[in-house]
Amino acid sequence: MKFKSRNLRELAEMIIGDADHFHYRSSSYITRFLEECDLDFVHDGSTRWSWTSSILEELLREPQSGPNLLPDSFVKVFQVLMEKSDATDDDPDRSKALSTLNKTLHREGYEAFYGENGFLHFKHIRTQSVSAAPNPHRPFTTAELKKRDDLSNYLDKCSEDELIERVLLPLFRQLGYHRISAAGHKDKALEYGKDIWMRYVLPTQHVLYFGLQAKKGKLDASGMSRASNANIAEIHNQALMMLGHEIFDPETSKKVLVDHAFIVAGGEITKQARNWLGGKLDASKRSQLLFMDRKDILNLYTVSSLPLPEGAIPVTPFIDEIPF
């Protein structure tokens with residue numbers, strides 16, 4: 001990845017403090033700042049902005065974790081730089097510094113924003129893919145646990161269409177999937193076993209296609225379905241249809257087969273259900289199946305800086321106190 005020289009200089013001036021709303025850093029403090037970013041660069045005494053610009057250029061040449069994503073080390077530098085604890089007196093919430101940063105980033109097609117956890121994130125403006133890869137296995141903050149609980153309560157009461165449209169579609173868009181198309185439930189004859197199809201572009205520019213079948217409740221291997229759960233046998237044929245039916249990609253004007261199939265449940269997917277479905281499919285199709293249950297949805301949604309869907313935010317009851 002490569003930024004224009006003008007933009008690299010402006011970003012470097014923010015790091016060394018030659019830009020408004022950023023702390024000034026002399027030679028030794030530039031080195032100390034990079035140490036905080038877990039980088040081993042030592043300033044050599046040359047012109048500060050030029051040297052820092054060359055470091056940023058080197059960081060941008062590092063491997064990317066996905067298409068249109070900024071390299072992790074580059075992201076880390078600006079996450080440290082934009083920590084809210086380093087706010088200046090004239091910019092207590094760092095909104096002015098963020099505006100200065102985004103003025104430069106927008107020329108390269110990126111935008112920085114603060115997530116609900118207070119950390120800085122970057123997104124590619126055209127695709128909306130976020131550079132900081134979410135880690136669903138890290139410990140959650142108190143606010144994130146509250147958000148997770150609110151979403152869990154919403155999954156208990158939402159319909160299957162609401163699960164797809166208000167939770168899964170925004171989630172997969174945030175994770176970098178493209179051309180996400182929902183079949184919906186208005187015309188089930190045209191679903192061919194999938195509720196959603198989407199594509200993911202690898203760093204090599206190869207494209208993988210995914211189909212997704214979603215069920216609101218629990219998936220188990222019991223003999224019959226109940227109101228709160230679905231039998232895995234019910235989606236067996238849907239999985240076969242999904243993997244065997246071609247989809248039309250309007251961007252390439254070609255029909256393609258689905259490479260992988262997501263089986264997503266708003267409840268639990270039991271181990272017996274996974275094993276049953278795996279036993280019914282041959283080895284090639286078995287390797288194409290990916291499972292996501294409620295725990296996966298909650299964890300990914302929580303760390304992806306997505307707002308809660310409409311209806312998931314608990315309403316605080318209004319108490320009209322009687323004046324005395």
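The crossing of helix α6 with helix α7 is right-handed in this predicted model, and these two helices, which span residues 142-157 and 160-174, pack at an angle of about 155° with their axes 9 Å apart. An angle over 145 degrees counts as roughly antiparallel, and α6 and α7 are therefore roughly antiparallel to each other. On the side of α6 the contact is made by Leu-151, Tyr-154 and Leu-155, while α7 contributes Glu-162, Leu-163, Arg-166 and Val-167. Sorted by character, the residues of this contact comprise 5 nonpolar and 2 charged ones, with no polar residue among them.

A second helix pair can be read in the same terms, since two packed helices are described by the angle between their axes and the distance between the axes. Helix α1, covering residues 5-16, packs with helix α3, covering residues 48-60, at an angle of about 115°, and the axes lie 8 Å apart. Because angles from 65 to 115 degrees count as roughly perpendicular, α1 and α3 are described as roughly perpendicular to each other. The crossing of α1 and α3 is right-handed. From α1 the residues Leu-8, Arg-9, Leu-11, Ala-12, Glu-13, Ile-15 and Ile-16 take part, and they meet Arg-48, Trp-49, Thr-52, Ser-53, Leu-56, Glu-57 and Leu-60 of α3. The residues of this contact divide into 8 nonpolar, 2 polar and 4 charged.

Leu-56, one of the α3 residues that meet α1, leads on to the interior of the model. In soluble globular proteins, nonpolar side chains tend to be buried together. Here the largest nonpolar core holds 37 residues, and within this core Leu-56 and Phe-78 touch the most other members. At least two residues of the core are supplied by each of α1, α2 (27-36), α3, α4 (72-81), α5 (95-105), β1 (110-114) and β2 (120-124). If residues up to four places away in sequence are not counted, Phe-78 touches Leu-11, Ile-15, Leu-56, Leu-101, Leu-120 and Phe-122. Apart from this core lies another one, of 29 residues, which includes Leu-171, Ile-196, Leu-308 and Ala-312.

Helix α1 also carries two buried residues whose surroundings can be followed in the structure. Asn-7, which has its place in α1, is buried, with a relative accessible area of 1%. When its neighbours within four places in sequence are left aside, Asn-7 is in contact with Thr-104, Arg-107 and Glu-108. Met-14 is likewise placed in helix α1 and is buried, with a relative accessible area of 2%. With neighbours within four places in sequence again left aside, the contacts of Met-14 are Ala-19, Phe-22, Arg-25, Leu-81, Thr-100, Leu-101 and Thr-104. The C-alpha atoms of Met-14 and Ala-97 are separated by 8.7 Å, although these two residues are 83 residues apart along the chain.

Asn-275 offers another case of residues distant in sequence, and this residue lies in helix α9, which covers residues 271-280. Asn-275 and Ala-221 are 54 residues apart in sequence, and from C-alpha to C-alpha they are 9.1 Å apart in space. The relative accessible area of Asn-275 is 51%, and because exposed means over 50%, Asn-275 is classed as exposed.

Two residues deserve a look for their backbone. His-21, found in the loop between α1 and α2, has a phi near 75°, which is a positive value in a residue other than glycine. Arg-179, which lies in strand β3 (residues 178-182), has a positive phi of about 50° although it is not a glycine. Arg-179 is partly exposed, with a relative accessible area of 35%.

These details can now be set against the chain as a whole. The protein chain has 11 helices and 11 strands, and 46% of its 324 residues count as buried. Among the contacts in the protein chain with a separation of 6 or more, residues 24 or more positions apart account for 59%.

Conventions. Residues are numbered from 1 along each chain as its sequence is written. This is a predicted model: local features need pLDDT of at least 70, side-chain atom pairs count only at pLDDT 80 or more; totals for chains, interfaces and linings use all residues. Side-chain values use heavy atoms; hydrogens and water are left out. Axes are lines fitted to C-alpha atoms, for helices over the stretch in contact, and angles run from 0 to 180 degrees between N-to-C directions. Helices (H or I, at least four residues) and strands (E, at least two) are DSSP runs, numbered from the N terminus. Angles under 35 degrees count as roughly parallel, over 145 as roughly antiparallel, 65 to 115 as roughly perpendicular and the rest as oblique. A crossing is left-handed if the near helix is turned anticlockwise from the far one by less than a right angle, and right-handed if clockwise. Contact means heavy atoms within 4.5 Å. Ala, Val, Leu, Ile, Met, Phe, Trp, Tyr, Cys and Pro count as nonpolar, Asp, Glu, Lys and Arg as charged, and the others, Gly among them, as polar. A nonpolar core is a set of buried Ala, Val, Leu, Ile, Met, Phe, Trp, Tyr and Cys residues joined through side-chain atoms within 4.5 Å. Buried means under 20% relative accessible area, exposed over 50%, partly exposed in between (1.4 Å probe, protein chains only).
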